[in-house]
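Reader: I'm new to this one, so could you walk me through it?
Author: Sure, let's have a look together.

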Amino acid sequence: MELTYSDYLHLDELLALQRPRSDPPEHDETLFIIVHQAYELWFKLLLHELDKIKDDFFAGRLYPAISTFKRARTIMKVVVEQVDIVETLTPMSFASFRDRLDRASGFQSSQFRELEFVLGYQRPDMLRYQRPGTPAYERLERRLAEPSVLDAFHAFLKLHGVPTGPDETIEDGVLRLYKTQPNLEILFELMTDFDEGLQEWRYRHIKLVERSIGSKRGTGGSLGVEFLKKSLFHPVFPDLWAIRHRL
Ligand code: HEM
């Protein structure tokens with residue numbers, strides 16, 4: 001039989017996966033489920049692209065790293081914009097099915113945690129919120145043990161004559177490259193876009209949480225907004241931010 005669009009994408013399976021828990025179904029729960037599922041798909045693609053970037057960095061491949069970072073920061077922009085859709089959900093509408101989430105929360109998104117880990121933002125205590133023994137848990141443990149994108153970036157800088165060492169040494173090296181190598185400047189700017197995009201997502205998510213549940217605790221059991229604020233301005237590529245006043 002000829003392959004169809006639906007076969008190729010496994011649409012029958014994909015479209016059977018949106019199952020509201022509210023009974024009778026609350027109209028807006030469908031949006032809530034689809035948006036989260038869409039996020040998980042984007043996270044999956046980001047992980048795929050970041051793994052490639054790691055390989056590119058270790059192998060010293062500049063232009064492939066540039067084009068993949070361009071893609072990654074563009075995905076990040078779409079991911080930030082998707083918050084607009086969730087914000088069409090009013091606090092009362094969200095409250096109508098929130099208790100059906102039980103203790104489920106984005107807090108437990110293993111792919112989001114994996115993204116943080118692969119980038120180099122590693123808070124091992126976050127493993128506490130994952131179920132041990134699951135494939136997701138094992139993936140996270142593996143991510144903690146293997147080099148991050150930040151490590152790969154440092155290896156890449158080393159290939160360009162930047163010695164690994166104290167932060168200041170790396171910063172001086174990045175500054176020199178910024179000023180003397182326009183092709184590397186393009187890469188650094190795209191990495192900064194990506195980093196800013198992740199911080200933008202954190203900000204938009206916090207505002208989304210504030211307007212949806214105010215100061216309530218999260219379904220995941222954290223303090224909610226107070227917890228989220230801790231990583232709000234956390235850069236994943238600190239060297240690129242530290243030198244900007246010297247450019
Ligand atoms: C009405 C909408 C939403 C509310 C009220 C909400 C609420 C929260 C709260 C309170 C937390 C803190 C952890 C906890 O105690 O639960 C959290 C974490 C998180 N949420 Fe949401 N969220 C919403 C939408 C989303 C969406 C659309 C995503 C997309 C994937 C998402 C992903 C995450 C992630 C990844 C975390 C962990 C963040 C971190 O550890 O820094 N959330 N959310």
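Reader: Which space does the ligand take up?
Author: First, this is a predicted model, where local features need pLDDT of at least 70, side-chain atom pairs count only at pLDDT 80 or more, and totals for chains, interfaces and linings use all residues. Residues are numbered from 1 along each chain as its sequence is written, and side-chain values use heavy atoms, leaving out hydrogens and water. As for the ligand, the space it takes is the largest pocket.

Reader: Which element gives the largest share of the shell around the ligand?
Author: Helix 3, helix 6, helix 10 and helix 11 (225–229) each give two or more residues to that shell; helices here are DSSP runs (H or I, at least four residues). The largest share, seven residues, comes from helix 10.

Reader: Which ligand atom does a polar side-chain atom of His205 lie 2.8 Å from?
Author: Arg113 has a polar side-chain atom 2.8 Å from an oxygen atom of the ligand, and for Arg202 the distance to an oxygen atom is 3.3 Å. With His205, the partner at 2.8 Å is a nitrogen atom.

Reader: Away from the ligand, is Arg143 buried or exposed?
Author: Arg143 sits in helix 7 (residues 135–145). Its relative accessible area is 8%, and buried means under 20% with a 1.4 Å probe, protein chains only. So Arg143 is buried.

Reader: Which residue's side chain is joined to that of Arg143 by a polar contact of 3.0 Å?
Author: A polar contact is a pair of N or O atoms within 3.5 Å, one able to donate a hydrogen and the other to accept it within protein, and residues adjacent in sequence count only if both atoms are side-chain atoms. For Arg143, the partner at 3.0 Å is Glu146.

Technical notes. Buried means under 20% relative accessible area, exposed over 50%, partly exposed in between (1.4 Å probe, protein chains only). On a 1 Å grid over the protein atoms alone, a cavity is a set of points where a 1.4 Å probe fits but cannot get out, and a pocket is an open set with protein on both sides within 12 Å along at least five of seven lines; lining residues have an atom within 4 Å of a point. A molecule sits in a cavity or pocket if more than half of its atoms lie within 2 Å of its grid points.
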